Amino acid sequence: MATRVDPNFMQSLEKFGVKDWKGCFHCGNCTASCPLIEEEYQFPRKVIRQAQMGLKDRLESNIDLWMCYFCGDCTKTCPREANPCELMRSIRRYQISAYDWTGLSKKFFTSQKWELSFFFGIAILILILFAIFLPPSPELWTNPTRFINEQGGVMINNMVDGISGEKFLYIIHYGDWIMAFVAGGLLITNILHMFYLTLWRDKSVQIPFYAYFTQLWKLIYHFATQPKLRKCDDKLYWLGHMVFMTGYTIMFVLIVGMLPRFQIEEVVPWYNWQRILGYYATIGIIVFLIPVVIGRFRKNKCKLKYSHFTDWHFIIMLILTTISGILIHIFRLAGMPVATYFSYVIHLAILVPMIMIEVPFSKWSHLAYRPFAIYIAALKKAVVKKKQPEQVPVFA
Amino acid sequence: MNFEPTIISFLCNWCSYTGADLAGTARMKYAPNIRIIRLMCSGRVDPTFVLESFKKGADGVLICGCHPGDCHYHEGNYKCLRRYHFLKKYITQLGIEPERLHLEWISASEGKQFAELINSFTETIRELGPSKIKNVIETYT
Amino acid sequence: MSENDLTGIFFYHPGNGHVSNLDFEELIQFSGTFKHVAVVWDSEKFPLWDKKNLESEIRKFNLNRLVIAGYDTGMIKPFFAMVFSTLGIPVENILLADFMEHGALDKSYTDLAKAIVVCGIYNVPFEDAAKPGESDVCPDTLVIGGGIAGIEASLEIANGNQKVYLVEKTGTIGGHMAMFDKTFPTLDCAACILTPKMVDVGQHPKIDLMTYSEVKSIEGHPGCYKVKILKKARRVDLSKCIGCGTCSEKCPGKTYSEFDQGTTLRTAIYRPFPQAVPNKYLIDAESCRYVQGEKCGVCVKVCPVPDCINLDAKDEEVEITIGNIIVATGFKVFDAKRAAQFGYGKYPNVLTSLEFERLINAAGPTGGNITYRNKDKKGNWVFTTGADVPDSVAIIHCIGSRDENYNAYCSKVCCMYSLKLAHLVKEKLPEAEVYEHYIDMRAFGKGYEEFYERIRNEGIHIIRGRTATVKSINGGLIIRSEDIESGRLLDQKVEMVILAVGMEPTDDARSLAGMLGIEVDKYGWMSGINNISDSVNTRSGGVAIAGTCQGPKDIPDTVVQASAAASRVLQNIIKGKASNGISSLSFSDIEKRAKELSTIKEI
Amino acid sequence: MEEIRIGVYVCWCGTNISKMVDVEDVAREIETLPYVVVARDYKYMCSDPGQDLIINDIKKHKLNRIVVSACSPRIHELTFRKALENAGLNPYMFEMANIREHVSWVHTSREDATKKAKALVAGAVSRVRWHNSLDKRFVEINPATLIIGGGISGISAALEIADSGKQVYLIEKTGQLGGFAAKIDLSSPFMYSAPQMINPKIDKIFKHPQITVFLNTQVEEMSGYYGNFTTKIKTEEDHEVELKFGNIILAIGLSTFDPSVIENYKYGKIPDVITSLEFEQYLISGKILRKDGSVPKNVAIIHCVGSRNSNYHDYCSRLCCKNALKYSNLIRAAIPDANIFELYSDMRAMGDGCEELYSATSRKNVMFLMFDQKNGMPDIREASSDDNCKMVIEMDEKLSGERVEIPADLVILMVAIEAQKEAKKLAQAIGISMCGNQFFIERHPKLDPVATTTDGVYIVGSCQAPKGIPHSVAQARAATARILARINVGHVEVEAATAKVNEDICCGCQTCISICPYSAISLDEEKQVSVVNEVLCKGCGTCCSACPNGAIRAQHFTDTQILSQIDGLLEKSLQLQEGLL
């Protein structure tokens, strides 16, 4: 069955950040110069081709795209300066929006207005919720010493009028859970949709059930160590990304998973595990973000040359979250209850919309899609392997 | 020991000789039994040449010219064709198998055809065996 | 003049492609001064793809004619043509005044650009209006460059009984063609068809051959130039040398042979190759011990002819008077080291195509055997005779060509010579696997496609897909490419890689062009008056260009162009007049003539 | 009678010959033959030192016959004849044995090849014994030139020759000059206006005092020889005119392939499938519209229609790719929002500015789709009502490996370039050869691409092989260089190996007169013998083999010479087969 080509598809991809693609004359240089490519993955040329011809179904089911970690080798030697790397990244944005069944992702990627409105909408909602249900105690101003504990730090859970420390903590805790549940739920459904598009839609492919388990280690291994990135980019970048990623994850686990043990009234000494982990995460995020931001301004690396607005949004949100988090910590240690309260509120007003946008709909989701893509690719491979012996006559 | 015939061949300068050259430049391989004589035109092929060749020991004679209509000299190849039919009859009367004389049109671009022709003609002659007329002549001279 | 004859002018200056700093503002102002010009548009301020708008504008100004002036004017003509045809105005009334076509390339040609526009406004063919005057011609001709183009042009003119000075930079004529083994698609041996021509040049009574010489300066005008030629010290007397080679046997100075592309070593006193014309020795100052200040002089001692070698000879300068010049300086090959990913210069068995031509040549370093290149005791990379033969060879196309990182243009001949090399490898090593990696197979000329078909059937693996990298593993080479037709990634282990390097303008092309008043394009190729209708004549009148100095081309095209250049010269000589060239005309000359010829009456 | 002293030279041709033939052995054995004074072998006989070797030997050993056994005489006979001349020997005292094209390159056994080489050289040696000196003869050249074909090549050649003050007759079979260049609007790749380029030239032709133009005229037959041709033509007004001229330039140009034989493309069945030539008309008229007058939204351009496929033409037509790229650009300008598809099999955008045009085109939203020209030609069908277009092209796309369908409202077929229909007739009338595909064949594809094997006849432009305007112009000029050089010299040497009548034997039967294709033989009424006009005679030798008395000798191909060669070839001591001994 012949597929109809769509010459205007590529145009529509430009909103996702596709740059310079038009020059491609299919020499195959990009595929051959890629350090990550293996026999069964066919990119970037094949992907460019599918995009050029507007073969949407093929692109949506194309799992190989996620094997690219954007080292820029293909772009450097491309004879037509068609920037295959940027195209790969942009098509990944397109794929993220295709995996998302709500359609919000597409809106966010193609319209800055949509993303900003969504962000401010949730931020204002958080502020309103705080103003109505968790307003600051007036005593923060009149009697600040009441909020200071023995170590001289602000008692962080007692800043709201009329709500006990424990109750406040659990409101935030359950709030976090709701946030994680909504964002995670969306992400999981998107991942399921990804499975549908890339694996289950093609009825000819039958995955043996056990393979889902036998291949599971790949998901975890690649999620945890990103070995492909190390192969692709310089080691320092991999290390930076690793520290960043682990820091981020630790922070996420601390806040969402174990807030009651993390956000405690007592100021623990610096060598306490909570603070050590917190510092690690903060430094990890900052150490990685600073060179990335500088790089994006200077455009000194292939992958940093073109910045889509969603890239900037993500970075700005991350920086603001981090800075507001650091401020909470500083104000708290300095014994400044008013400042602590407001930085706490602002922190949440940035964090929550960031998570809601990034986790299921935007750039951050690659954290999930990449390892799942590798997992799916492994599943596909398992099928192929299984199929072959079947073709051999049994009685031979 | 296999019989290796000797074949004399008359090629016109414009088409067939060039075609034979082309077989060479294209490195096509053919049997080494052929001895080529270049003439300006297949119309120059005098019946004496053919008869003398057989007399002196050739096992076969091959004449090649331009395709009809392509003759560099307009119609020399037609003249040749007429003599060819006459010669065929004549050598038969002399006791030479008519298959030993062959005429073929080879153009300047037919290197491949030339090589194939040489191989097939050599094979034909090889099957016919050595020309008997040689022994006859040797006996009487 | 009726209202219907109003002209509109559209200035088109697309931002892409042409890097031009031409002052369009001035041109726009200038063209507005003509009475029958109703309106002047500027493409940058005009809603270009809006047909409705254009229709109403044309109606508003009651236009009947349109001149599209600028660069790439033809590219937008159909847009206007569609509108004209819907309005019922004859499409023939759209005139192109293309700056590129007539050579107004940048700001220094603003006057020329004005002249081109004026011709458009007056509806007069530019070549009719811009007709340069003529001067008397001196019958002698100078041909610069002794490759096949220079040889052909010289013979053509000399056979017309006219004197030719052929100046060649190196010690022999023959150029690149002499280095080739076979030529595509007939597989004629290059030496077999070239050397007789070289001999003809060497023996022709009408050709004064000056090898090892360079043009130093040119003064004068078309029809009469005074040219100073630097005859570099050959240090061997051409009239006395008998070419015996005794000197070379004893000479201690060694260096890489230029003719063999560095695949062999030659001595300081040398003959470029055994069939060189003139077939005499010369001394290369750089590698001669005596000239470099060491104690030597062995060659003088062993030379059987007295006073033949003079190690202290100095460069000479001669002045000649000539009427016409043909430039045939040829090309240089792309330096494969610039594309580091292919490992040339790093791995000994990555060769350029020209090196391989020498290797496979019977007169080459190994007598025509394909062997590995190894380091010898002194650290030189040399091919050793009798060594093992490679059992797999890959040929990679488009090295330095069709690549915007190096040269965006196509070098035209690489596909075909690569096919030829593949055939030669297969012929010499029938067991070897031969791979060709190409992007588009450009087999365009007479018999070329048929040749391609033939090579395809010879068991050579012809793979669509550019090779990205060449790496060395365990002594072998790994080439990585995508087989586009099957969509698979290929990691092939081969033992020898041939890089099909493209053509580039020679280093001195720009300076020579400057000296002669010839235009060069952005890459440095010399250009004729008009790349479509006249690629041989140049703006400066008395100078014609031939062969690959004008752009990459194969041997037949080079030969044809050389003859075409010779035709121009012979025509001048027979007429006794040479055209002064467009560069001799001023704007007012052209404007005046355009006005005279114009069929359009001024209001 | 002088003593016969033969020198034999066996060439190695690098390894070309020496690889398959033991050249030293050949030389050694040949040296033992009678009359052979020296026999040598050398690496490159054709090179300067090789020729010097012969010249020195001639002087040293007083040689008076030379045999060179090397490549084909078609390549180097003249070279060596010249060397003989330089040594003061008559150039016809020379014979070549072809042991490269006919031996080393075609045989696989070194032993057999060496044996055959020996036989061939022996044949040449025994033939050269009977060679005679022949004298050079010169023919005056008529300075006028006949040009057949009024396309861009013919026009350029005519102007070039006429501008140097020489007479030109320009014959055009149609009613107007310009040929194909006048049928196009813009030239590729620079998009210069073709009419603006060619119209001034046509004007010039008609005004030029040195050019006589014959429109609607065809050449039926030609007589004469190099330097002095004659033809009779019928002009438009039905006058019969006799033209005399010294050189002929054939510039009859090209015709195009009729795509209706390719069933896939439905040309002639679906109205909006058009050829590239028809599309040029659309461009000239400024109406890129479908037959129903609507503006096409989807335009597909199919390359290689009739080219590069053994069912139609094997060769590549060279121009279609760059013209197709041109069309894409022009359609983009005319219909800015059209979807443009190019279906190609190899993008042959070579030459000045073409790769750049390809690059620029791909940046203009043109979709390039690759098909297999041999096995995967696309299929065009009429669209159904829900297709939202008029036609659908289905193809296997090679770059993606997918089977796809392409919507199209207008399909442009880039038709192949073919030789003119009347080319063959003309070739026969003038006496030149043709390639297998009806293009004229040149004397040498590399080094002599405009001359033909017939002296004084040149082929320029697309009648030699498909080519564009720049190359046609260059070829036209290349031919004029040759002609101008010859006109400037005023005379030319002609073949000395003609037929000669021995008046003593001739009985006046006139067989030869009836048989000569050039009417070169006439009867001397007084003596009642045949007389050969040596300028008209081309030396084919047909008369000699027809002469019942053996009174006509084909000089350089005499009976004695050929019979001796047969002798030599069958020399028993050199027999291949010992069984015969």
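So, the hairpin in chain D: strands β21 and β22 make it, with 4 residues between them. Look at the turn and you'll find D:Gly401, whose phi is positive, about 75 degrees. Keep in mind that this is a predicted model.

How many bridges hold the two arms of that hairpin together? There are 7 bridges between β21(D), residues 391-397, and β22(D), residues 402-408, and the strands run antiparallel. If you want a register mark, take D:Ile393, which sits opposite D:Ile406 in β22(D).

Now β21(D) has another partner as well. Strand β20 of chain D, residues 379-382, pairs with β21(D), again antiparallel, and here we have 4 bridges. And which residue of β21(D) is the bridge partner of D:Ile380? That's D:Ile393. So, hold on to D:Ile393: D:Ile380 is its bridge partner from β20(D), and D:Ile406 stands opposite in β22(D).

Is β21(D) mostly covered or mostly open? Covered, mostly: 5 of the 7 residues in the strand are buried. As a reminder, side chains in a regular strand alternate between the two faces of the sheet.

Okay, over to chain C for the overall picture. We've got 603 residues there, and 58% of them count as buried. The secondary structure adds up to 16 helices and 34 strands. The C-alpha trace spans about 90 × 65 × 40 Å along its principal axes.

Last bit, contacts in chain C. Take those between residues at least 6 apart in sequence: 69% of them join residues at least 24 apart.

Technical notes
Residues numbered from 1 in each chain as written. Chains lettered and ligands numbered in written order. Predicted model: local features only at pLDDT ≥ 70, side-chain atom pairs only at ≥ 80, totals over all residues. Buried ≥ 20, exposed ≤ 12 C-beta atoms within 10 Å, placed from the backbone. Helix = DSSP H or I, 4+ residues; strand = E, 2+ residues; numbered from the N terminus. Pairing = 2+ DSSP bridges. Contact = placed C-beta atoms within 7 Å.
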